[in-house]
Amino acid sequence: MKPAPFDYVVAASPREAVQYLADVEDASAKIIAGGQSLMPLLALRLARPSLLVDINRIPGLETIERISETTIRIGTLVRHRMLCAQTNSPLLHEAARWIGHSAIRTRGTIGGSLAHADPAAELPIVAVAAGMVIEVMGPSTQRTVDAQDFFIGTLENSLADDEMIVSVISPLPERWGFAEYARRHGDFGLVTVAAAEVQGEVKIAVGGVGSKPVRMLESEGLVNDSVTLSGQLIDQAARAAAASVEPNGDFHGSARYRIGLVEELVRRSLRQLGSGQADSEVDWS
Amino acid sequence: MTEITGVDPKGNESVGRAVQRKEDYRFLIGRGHYVSDLRLPGTRHVAFLRSPLAHAKINSIDISSALEADFVEAIFTGESDPFKSVSLIARSALPSYIETAQPILAWDKVRFSGEPIAAVVATDRYLAEDGLELIEVEYERLPANVSAWSTPAEPLHKEALDNVLLERRFQSGDVKDALAGAEVVIERELISNRQGGNPLECRAGVALFEPGDGTLQFWSGTQVPHLVRNALAELMGMSEAKIRVVAPDVGGGFGTKAALYPEDVAICMIARLMPGTPIKWVEDRAEHLLSATHARDHRYLVTAGFSSDGTLLALKADVTCNVGAYSVYPWTAGIEPLMAGGLLSGPYRLENYDCMVRAVATNSSPSGPYRGVARPASVFAMEAIMDEAARRLGMSTIDIRRKNFIGPQDIPYKMPTRLVDDSGHYERCLDKALELFDLDQFLEEQQRRRGTNEPPIGFGVACYNELTGLGRAASAGPRMPFRTGHDACTVKVNPDGTVTVFSGVTSQGQGLETTVAQIVADGIGVDYDDVQVRIGNTDESLWGFGAFSSRQAVIGGGAAQLSALVVRDKVIRLASELLEIDINDLILRDGKIWVAGEVEPRLSLAEIARVAYLESNRLPDGMEPGLEATRFYDPIRGAFAAGVQIGSLEVDVSTGEIRILKWVCVEDAGRVINPAIVDGQIAGAIAQGIGGAMYEHLIYDGDGNLSTGTLMDYLIPTSGEIPEMIIGHLQFPADNPLGVRGVGEGGTLGPNAVIAGAVADALGILVDQLPVTEGAVWEGLQ
């Protein structure tokens, strides 16, 4: 369980980092930030990059700034720990608390988690539900990608080989809900649900039921078409969500069980969204 | 037997007190010294090529490209000697037992995914693993079978075409008749989950063959250094005098490190082939999950008959244990089935018993000893029977157990398997556990919640007897060519009056240095701080079988006590001569000689020791210099430790989530030597048991690939999953020098049965299969 050989460079700026990526001929360079997902893949030799570009020492990427009344910009190197500590976005605060354990939250970064594109990870799900916009840089380009379009499949994102995430623009939801069920404290959720209302529109994203965060379009329709969020409507939306997913089963839980969890967790997240209160009182930060 | 009620708070004995552990300071400041910390100059690192297939013929192993790589120093395969001519064969004289030959490095056939095939030596582990990628093996795939109760398509060993390595029938009384007369007959099929020990420190070894004098040193994280030395000498054709095995600090064992593995022998053989070069192998977690011993993969088909008053009349069982690809060395494939059949009836009186147990080989990592050895599974089976009988008879689960307990009046109680129960205090344990649990309050709350929307709650109970400290008679069952009944201990008073102990016990974190020091301090009559204990080194201690079967406090502790008393006698005899006072009037306490009734001591132990070592002119005629003794101890039989656990939980019916509310354990550990250590052992064992009951599961797919190959899928509970525990004690002294009963394993016996029983109580769902996951609970509710 030791990585295969690789070269290693420290980038001083985003531009330099992506230039390193571009200069590797076989396109097998990888950015390393907190390393919480990449290091196990390296150790198991499941990832074999020829070059690791360390971006941890690039200045200016570890900040969260308020760019408008309703949006924040989050630098790619912002650690989960800082998401827990910030108060601008209660949804991000809540979701980040569910990520791993404190050592993981201390190193892991928002850019790394999004780029890794694990369909069960908390931040991609929240990014889709909240309608985040990902700011991406290449050697000669700069562009933005909606979170909805960023995730392509399991551990697959829409970055070109020579691009990196520089920052994320996150709307601040008026109302939100977050619910996760994991087998142990700190595990990836079997099912995770984030619901967020931004400018009057509710989006619901579910993780653990497909190769990327899945929007619950029918449930969203029910919620958005209704003036009030009654218990009956929540139940209806939860059932619609359960009817729309086709998860795979494994030894951690059957497909049927995961569908059951989708119903229950969509219900919980919408109840929370409706009440405007986090239902967890445990402070894990 | 009178119960011990505690230590005299004004007394000066060390035994019975939670003295500070001798190990803790070095661990807490990061100065523990594990095999991985051993960095000898010129060390070379080994990585093993492991089979990716569960069952295959090996047509060829091509190492030519690997040999060409400049970073590869050496490669060894099983095709050449010494590897080819040696295999690990666990011996037993039991009829029907079939031996298996486990290769050091597989060369003609692989029998489980993860079996070592080749070893690459390089200057570091990274390069050694790079070298593995250059080896090409051509396999011819054979059908794999990982279930012990499905028909095998292809036998693993030509000696056992049905894959059955051992069958044994335990029989007593007339089961057929008794079942015919039973009011209620229960039939259940119960399956327990495959698990592994997963100590914090995986396996590790450094071997160094010294060409100057032909000696082999082997630093190993083993639980059994003397057994390892004995086996290595035989396997490598060396004299034991030229082998030194050292187990330094070891980070957990749980039985996993009580086996001698092919990798251990391989690195010693490599060291001999590369004289003067230290050869190091440190197992990583993926290797551990794949190739260290597994356990607990059992099926119990049980039929039990009860009379209308709840009396257990007969028990019939068919027990199949998946023992993996080889009969584990040196314990044999019998280790789990024999324990399962030998103690299935647990703490209950039983006359009519008919139990067939079998060991079945499959294409999986060999099963070996794991904390509790089969008992967590067999207690689960027995307690499931008791719970169901109670329901069928309309009795409480508590009353039916009371009805059947072996009691103090039955002692010594000969079980239907001829094991002799010397405890009988199960009902006392249960009473105390019920008091600590507060059953009335629980039942009231359970009643209150019924008909509300609040999560339903349930409670479960597990009663068990753990056979500990097995002497030569009690350890005879497996008929191995050695009996693990005894240990030795050497106690030496140094010329300055301090004490050094060379004990045959080993420690993987259980604090044996502390426990032995407490025993010796009291045995001689010196301060605990003046006793140093050295363990885990075959050049220092005379003999010890090591850590397993909850044996060390009983056996190693007994040897320490006997040796200390011999030394104490000599000190008093010498003092008597020096002082010209009758020995019966002298007391050795706090390292000083007192005359009974006097306020001031007459002599210090240091003064006497000085005479013993440095002033032979003052020794009485016929007395040898020195103050040292070595004694063996063997309890002949064993000491049964009674235990009861009661736990309650609530279930979130919408997710199946189980939340443990309360956990109580009461054990009879006999005399408690160190309460903090004993409670730590019990709490740790319960935590491990909860892991097995709810989370830990080694799963192979149909092709024999391990699906749970990392700790992301093999779930070990964290502190977040483990409840606070209330631990109570009874102290009925056992019949051994210290009156102790083993306490290292018992805690693992309860959780399967408690969780399964509590889920059944809360939801009315019968649990037939472990682990009890939220998914299984949820499915059961649909």
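**Exercise 1. A long-range pair in chain B**

Task: Work out whether B:Arg188 counts as buried or exposed, then find its salt-bridge partner.

Solution:
- Step 1. Start with the cover: B:Arg188 has 9% relative accessibility, which is under the 20% cut-off, so this arginine counts as buried. Keep in mind that we're working with a predicted model here.
- Step 2. Now look for a carboxylate. B:Arg188 makes a salt bridge with B:Asp768, and their closest N and O atoms are 2.8 Å apart.
- Step 3. Place the two ends. B:Arg188 sits in strand 10 (residues 184–192) of chain B, while B:Asp768 is in the loop between helix 17 and helix 18 of that chain, so the pair ties together parts 580 residues apart in sequence.
- Step 4. Check the partner's cover: B:Asp768 is partly exposed, at a relative accessible area of 33%.

**Exercise 2. Another bridge, then a network**

Task: Say where in chain B the partners B:Arg472 and B:Asp634 lie, and how far apart their N and O atoms are.

Solution:
- Step 1. Take the distance: the side chains of B:Arg472 and B:Asp634 form a salt bridge at 2.9 Å, N to O.
- Step 2. Then the location. B:Arg472 is in the loop between strand 22 (457–468) and strand 23 (487–493), and B:Asp634 is in the loop between strand 29 (628–633) and strand 30 (639–652), so this pair links distant parts of chain B, 162 residues apart.
- Step 3. Compare cover at each end. B:Arg472 is partly exposed at 44% relative accessible area, whereas B:Asp634 is buried at 13%.
- Step 4. Zoom out to bridges with shared partners. One network formed this way includes A:Arg45 and A:Arg48 from chain A, along with B:Arg50, B:Arg125, B:Glu129 and B:Arg203, among others, from chain B.
- Step 5. For the full tally, the structure holds 65 salt bridges over all chains.

**Exercise 3. An aspartate without a bridge**

Task: Find which polar partners A:Asp54 has, given that this residue has no salt bridge.

Solution:
- Step 1. Locate the residue: A:Asp54 belongs to strand 3 (residues 51–54) of chain A.
- Step 2. Test for a bridge. The nearest side chain of opposite charge is A:Arg57 at 4.8 Å. A salt bridge has to fall within 4 Å, so buried A:Asp54 goes without one.
- Step 3. Look for side-chain contacts instead: A:Asp54 and A:Tyr8 share a polar contact of 2.5 Å.
- Step 4. Don't forget the backbone. A polar atom of the A:Asp54 side chain is 2.8 Å from the backbone nitrogen of A:Asn56.

**Exercise 4. Cysteines in chain B**

Task: Count the disulfides over all chains, and say how far B:Cys429 is from the nearest cysteine sulfur.

Solution:
- Step 1. The pair of sulfurs must be within 2.5 Å, and by this rule the count is zero over all chains.
- Step 2. For B:Cys429, the nearest cysteine sulfur belongs to B:Cys665 and is 8.3 Å away, so no disulfide forms by that cut-off.
- Step 3. B:Cys463 has no disulfide either; its nearest cysteine sulfur is that of B:Cys429, at 8.7 Å.
- Step 4. Add the cover: B:Cys429 is buried at 0% relative accessibility, and B:Cys463 is buried at 2%.

**Exercise 5. Backbone oddities**

Task: Track down where the cis peptide bonds at B:Pro330 and B:Pro771 lie, then examine phi for B:Thr332 and A:Ala117.

Solution:
- Step 1. B:Tyr329 and B:Pro330 are joined by a cis peptide bond with omega about -5 degrees. B:Pro330 lies in the loop between strand 18 (312–324) and helix 8 (335–342) of chain B.
- Step 2. B:Thr332 lies in the loop between strand 18 and helix 8 as well. This residue isn't a glycine, yet has a positive phi of about 80 degrees, and is buried at 2% relative accessibility.
- Step 3. The bond between B:Leu770 and B:Pro771 is cis too, with omega about 0 degrees; B:Pro771 is in the loop between helix 17 (751–763) and helix 18 (774–781).
- Step 4. Over in chain A, A:Ala117 has a positive phi near 60 degrees. A:Ala117 sits in the loop between helix 6 (110–116) and helix 7 (122–130) and is buried at 2% relative accessibility.

Note on methods. Residues numbered from 1 in each chain as written. Chains lettered and ligands numbered in written order. Predicted model: local features only at pLDDT ≥ 70, side-chain atom pairs only at ≥ 80, totals over all residues. Heavy atoms only, no water. Buried < 20%, exposed > 50% of the residue type's maximum accessible area, 1.4 Å probe, protein only. Helix = DSSP H or I, 4+ residues; strand = E, 2+ residues; numbered from the N terminus. Lys, Arg positive; Asp, Glu negative; His and termini not counted. Polar contact = N/O pair within 3.5 Å; in protein donor to acceptor, adjacent residues only side chain to side chain.
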